[in-house]
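Take a first look at the sequence and the model below. The report then moves from one loop to the sheets and the ligand shells.

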Amino acid sequence: MRIVLVGPPGAGKGTQAAYLAKNLSIPHISTGDLFRANISQGTPLGKQAQEFMKAGELVPDEVTVGMAKDRMSQADAAEGFLLDGFPRNLDQAKALDEILAAQDITLDGVLDLEVPEDEVVKRIAGRRTCRSNSAHTYHVEYKKPKTDGVCDECGGELYQREDDREETVRKRLEVYHRETEPIIDYYRGQGLVVTISALGKVAEVTERAMAALD
Ligand code: ADP
Ligand code: ADP
Ligand code: ADP
């Protein structure tokens with residue numbers, strides 16, 4: 001299966017993607033996680049992305065599309081993948097269509113996670129992320145780690161992402177509405193979109209998502 005996950009920052013894309021990828025036996029590809037890994041390793045790609053991320057803006061398409069294409073071409077993604085955070089604007093959606101068309105493959109679905117803005121703000125404000133692997137996320141109220149400040153999965157240190165601070169969150173939401181939301185209509189035109197509510201317990205949302213993708 002080839003699936004795109006969309007939804008505002010804090011909707012629970014990363015959280016759901018981890019479970020869905022496991023259930024569907026496909027890799028979870030998050031461009032945000034790829035950028036953060038590059039930043040922590042100090043790669044040239046990370047250096048290119050850093051300032052944009054800090055400001056809550058999109059990293060330029062030239063950098064992003066190449067990185068996503070590179071990741072999708074790895075062996076584990078040959079039979080399918082779950083894209084989280086890519087594409088994030090119309091040009092990226094069109095670039096993805098071209099990448100897939102060149103290999104004679106198509107998307108199976110676009111899962112749109114719907115959450116009211118006040119809930120998104122609460123989720124992001126309380127999000128804590130693992131320094132060793134940003135796919136490992138927690139929440140100060142909704143998903144506490146067993147030991148304060150320590151990642152259950154790998155023992156890494158938990159911290160608040162710089163772009164999860166309030167000023168930057170507002171900017172990211174604005175960017176989401178302006179740049180990312182239009183891709184939902186684009187994919188609707190291709191008959192690919194299923195929208196589900198991302199409210200409720202994590203497991204409930206996963207069940208809803210699995211049913212919607214069936
Ligand atoms: P996204 O990848 O869309 O930005 P995350 O998956 O990182 O979102 O989730 C944002 C925050 O909300 C995290 O702290 C996560 O633990 C928490 N979260 C995710 N899903 C739920 C849920 N169903 N209920 C409450 N909190 C959630
Ligand atoms: P969230 O899960 O909260 O939506 P992400 O980890 O997906 O956040 O993204 C964090 C930041 O990484 C974005 O604000 C943006 O700067 C950058 N980023 C991630 N994916 C893309 C993309 N497809 N295009 C451009 N920038 C991206
Ligand atoms: P380094 O050259 O030190 O290994 P890079 O930042 O160039 O680090 O690359 C990190 C990862 O991102 C590599 O897997 C690389 O293939 C990929 N990458 C970097 N820049 C691009 C780009 N513009 N287009 C496609 N993939 C890229």
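Where is L58 found? L58 sits in the loop between α3 and α4. The model is a predicted one, and the values that follow are computed from it.

## The loop residues L58 and V59

Is L58 buried or exposed? L58 has 20 C-beta neighbours inside 10 Å, and the cut-off for a buried residue is 20 or more, so L58 counts as buried. Some of its contacts reach far along the chain. Leaving aside neighbours within four places in sequence, L58 is in contact with F52, R88, N89, V175 and E179.

V59 also belongs to the loop between α3 and α4. V59 is partly exposed, because it has 19 other C-beta atoms within 10 Å, while a buried residue needs 20 or more. Residues up to four places away in sequence are not counted in its contacts. On that basis V59 touches F35, A49, F52, M53 and T64. F52 is thus a contact of L58 and of V59.

Both loop residues appear in a database record. Under "binding site", an unreviewed UniProt entry lists T31, R36, E57, L58, V59, G85, F86, P87, R88, Q92, R161 and R172. These positions are spread over 142 residues of sequence. They are spread in space too, with up to 24.6 Å between C-alpha atoms.

## The ligand shells

Now turn to the ligands. Around ligand 2 there are 20 residues. The closest are P9, T31, G32, L58 and G85. Of these, T31, L58 and G85 are among the "binding site" positions listed by UniProt. The elements that give two or more residues to this shell are α1, α2 (31-40) and α3. Which element gives the most to the shell around ligand 2? It is α2, with 3 residues.

Ligand 1 has 19 residues around it. G12, G14, T15, R123 and R127 come nearest. Here α1 (13-24), β6 and α8 (202-213) each supply at least two residues of the shell.

The shell of ligand 3 can be named in full. It is made of N38, T43, P44, L45, V63, G66, M67 and D70. Two elements give two or more residues to it: α3 (44-54) and α4 (61-72). The largest share, 4 residues, comes from α4.

The table sets out the shells by residue class.

| Shell | Nonpolar | Polar | Charged |
|---|---|---|---|
| Ligand 1 | 6 residues | 8 residues | 5 residues |
| Ligand 2 | 7 residues | 8 residues | 5 residues |
| Ligand 3 | 4 residues | 3 residues | 1 residue |

## The parallel sheet

Strands of a sheet pair through backbone hydrogen bonds, in either a parallel or an antiparallel sense. One open sheet has 5 strands with parallel pairing, in the order β2-β3-β1-β4-β8. Its edge strands are β2 (28-30) and β8 (193-197), and each pairs on one side only. From one strand to the next, the twist averages 25°.

Start at the β2 edge. β2 and β3 pair in the parallel sense over 3 bridges. I29 stands opposite L83 in β3. On its other side, β3 meets β1 (residues 2-6), and 4 bridges join these parallel strands. L5 has D84 of β3 as its bridge partner.

What covers the strand β3 (residues 81-84), and on which faces? Both faces are covered: F81 and L83 lie on one side, L82 and D84 on the other, and all are buried. L83 and D84 thus combine burial with the pairings to I29 and L5.

The far edge is built in like manner. Strand β4 (residues 109-114) runs parallel to β8, and 5 bridges join them. The bridge partner of L113 is I196 in β8.

## The antiparallel sheet and the lid

Another open sheet has 3 strands with antiparallel pairing, in the order β6-β5-β7. Its edge strands are β6 (137-139) and β7 (158-159), each pairing on one side only. β5 (residues 127-130) and β6 run antiparallel, joined by 3 bridges. Within that pair, T129 has T137 of β6 as its bridge partner.

A record names this stretch. An unreviewed UniProt entry lists residues 127-163 as "domain: Adenylate kinase active site lid". Over these residues the chain is 0% helix and 24% strand. The end C-alpha atoms of the stretch are 11 Å apart.

Terms used. Residues are numbered from 1 along each chain as its sequence is written. Chains are lettered from A and ligands numbered from 1 in the order in which they are written. This is a predicted model: local features need pLDDT of at least 70, side-chain atom pairs count only at pLDDT 80 or more; totals for chains, interfaces and linings use all residues. Two strands pair if DSSP finds at least two bridges between them. Axes are lines fitted to C-alpha atoms, for helices over the stretch in contact, and angles run from 0 to 180 degrees between N-to-C directions. A residue is buried if 20 or more other C-beta atoms lie within 10 Å of its own, exposed if 12 or fewer, and partly exposed in between; C-beta atoms are placed from the backbone. A residue is near a molecule or strand if its C-beta atom, placed from the backbone, lies within 6 Å of it. Ala, Val, Leu, Ile, Met, Phe, Trp, Tyr, Cys and Pro count as nonpolar, Asp, Glu, Lys and Arg as charged, and the others, Gly among them, as polar. UniProt positions are given in the numbering used here, feature names are shortened, and annotations may be inferred rather than shown by experiment. Two residues are in contact if their C-beta atoms, placed from the backbone, lie within 7 Å.
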